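Biologist: Put the model up and let's go through it together. I'll ask, you answer.

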Amino acid sequence: MLIVMHHHATAQQIDQVVAAVVAMGLKAEPIPGSLRTAIGVLGNQGYVDDSSIRNLPGVRETIHVSKPYKMASRDFHPQPTVVDVAGVRFGNGLRPVMIAGPCSIETEEQMLAAAAIVKAAGGQMLRGGAFKPRTGPHSFQGLGVPGLSLLQQAGQAHGLPVVTEVMRIEQLDAVMRHADMIQIGARNMQNFDLLKEVGKSGHPVLLKRGMSATLEEFLAAAEYILAEGNAQVVLCERGIRTFERATRNTLDLSVVPLIKELSHLPIVVDPSHATGKRALVPVMTRAALVAGADGVMIEVHHDPARALCDGAQSLSGDDFQGLMIEVERLLAFLGFPPTRE
Ligand code: PEP
Ligand code: MN
């Protein structure tokens, strides 16, 4: 529930409302605005009986937010959130962030080659997985902790912040020591214990949409992280499972403008996992940017034919460089300044 105060409400009246909410066993979070203060009510399981609050002095109205996410919603937080990953900023209409790198961290040589490609082409962040959620147990499972060091070194060598996936709570410390942003993969979007721990960490998070998650479930997953006090969350649309088998997943681009309407969190698009096809990645990257994405995450490998994971959807260095030239042109057309601030 959201309690909206009159614009002339006094600090004392606000305190009185907060005390009334606390007396109901709930948490109250005042949100000062330029015109009036609102008070977010948290901790309720269902509908809140507002009869003891509605008539308190200074209260204008109470709004029942029945959605399972509140802190992630625009009702609660009207201003867009900017997420800062070691100086690379996402959201609020800033120039979209281009994240690229291999699916999996394989070798030092491979990571340095990937970082050089990403940097030279004008990308801002490096990706790479050390803990891989593979569909089958016989596929390459990732290098684990040694891989994290290779990612970190490659990022540092080229001045690129890095993002990598965490699959289990026990991996979180190591991931935080080596990466600037923690990725929660599609398969873990509803691993609520992991979401809570990542929320407590305060580290920037890239939360990927589960392949069968509705938009409401996606935002409710983000809510778990925000509820622990971590608002540095970037959402990532990576395609959903539909009846269509011609693409690996179905890229649901319409969630980009919808999420912007419903939430203050930035959203990026991953056209690589969404399509599974290298040839479709450039055009869907452009489509994502036109739809208003705050960034795009693309799989790039210096030798896609030899990639240990997701080679068919990975761009080569030349492909990525070509795509980035198109992206530059498109962003200029869309009115973004030529360089990032
Ligand atoms: C990835 O980005 O490496 C990945 C495994 O993606 P997803 O969780 O979206 O399948
Ligand atoms: Mn992949």
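Biologist: How far does a polar side-chain atom of R187 lie from an oxygen atom of ligand 1?

Modeller: Bear in mind that this is a predicted model, where local features need pLDDT of at least 70, side-chain atom pairs count only at pLDDT 80 or more, and totals for chains, interfaces and linings use all residues. Residues are numbered from 1 along each chain as its sequence is written, chains are lettered from A and ligands numbered from 1 in the order in which they are written, and side-chain values use heavy atoms, leaving out hydrogens and water. From R187 to that ligand 1 oxygen, the distance is 2.9 Å.

Biologist: Which residue puts a side-chain N or O atom 2.6 Å from an oxygen atom of ligand 1?

Modeller: The residues around ligand 1 (those with a heavy atom within 4 Å of it) include R127, E165, K208 and M297. K132 has a side-chain N or O atom 2.9 Å from a ligand oxygen. The residue at 2.6 Å is R238.

Biologist: What spacing along the chain do the donors of the manganese ion, ligand 2, follow?

Modeller: Donors are N, O and S atoms within 2.8 Å of the metal (3.2 Å for Na, K and Ca), and with water not among the atoms, sites may look incomplete. Here the protein donors are C103 (SG), H273 (NE2), E299 (OE) and D310 (OD), 2.0 to 2.4 Å from the ion. Their spacing is C-x169-H-x25-E-x10-D.

Biologist: Are E299 and D310 buried or exposed?

Modeller: E299 sits in strand β14 (295–299), and D310 is in the loop between β14 and α11 (317–333), 11 residues apart. Helices (H or I, at least four residues) and strands (E, at least two) are DSSP runs numbered from the N terminus. Buried is under 20% relative accessible area, exposed over 50%, and partly exposed in between, using a 1.4 Å probe and protein chains only. By that scale, both E299 and D310 are buried.

Biologist: Why do the buried residues of α11 count as being on the same side of the helix?

Modeller: α11 has 17 residues and spans 24 Å from first C-alpha to last, close to the 24 Å expected at 1.5 Å a residue; that expectation is 1.5 Å times one less than the number of residues. Its buried residues are G317, F320, L323, M324, V327, L330 and L331. They sit on the same side because, around the axis, they cover an arc of only 135°.

Biologist: Which residues are exposed on the other side of α11?

Modeller: The buried residues of α11 pack against β7 (97–101), α3 (108–121), α10 (281–290) and β14, where contact means heavy atoms within 4.5 Å. Out on the other side, the exposed ones are D318, R329 and F333.

Biologist: What arc do the buried residues of α1 (11–23) fall within?

Modeller: In α1, the buried set is Q13, I14, V17, V18, A20 and V21. The arc is taken from the directions between the helix axis and the C-beta atoms. These residues line one face of the helix because they fall within an arc of 160°.

Biologist: With which side chain does the D252 side chain make a polar contact?

Modeller: D252 is in the loop between β12 (233–237) and α8 (255–262), and it is buried, at 17% relative accessible area. A polar contact is a pair of N or O atoms within 3.5 Å; within protein, one must be able to donate a hydrogen and the other to accept it, and residues adjacent in sequence count only if both atoms are side-chain atoms. At 2.7 Å, the partner is S254.
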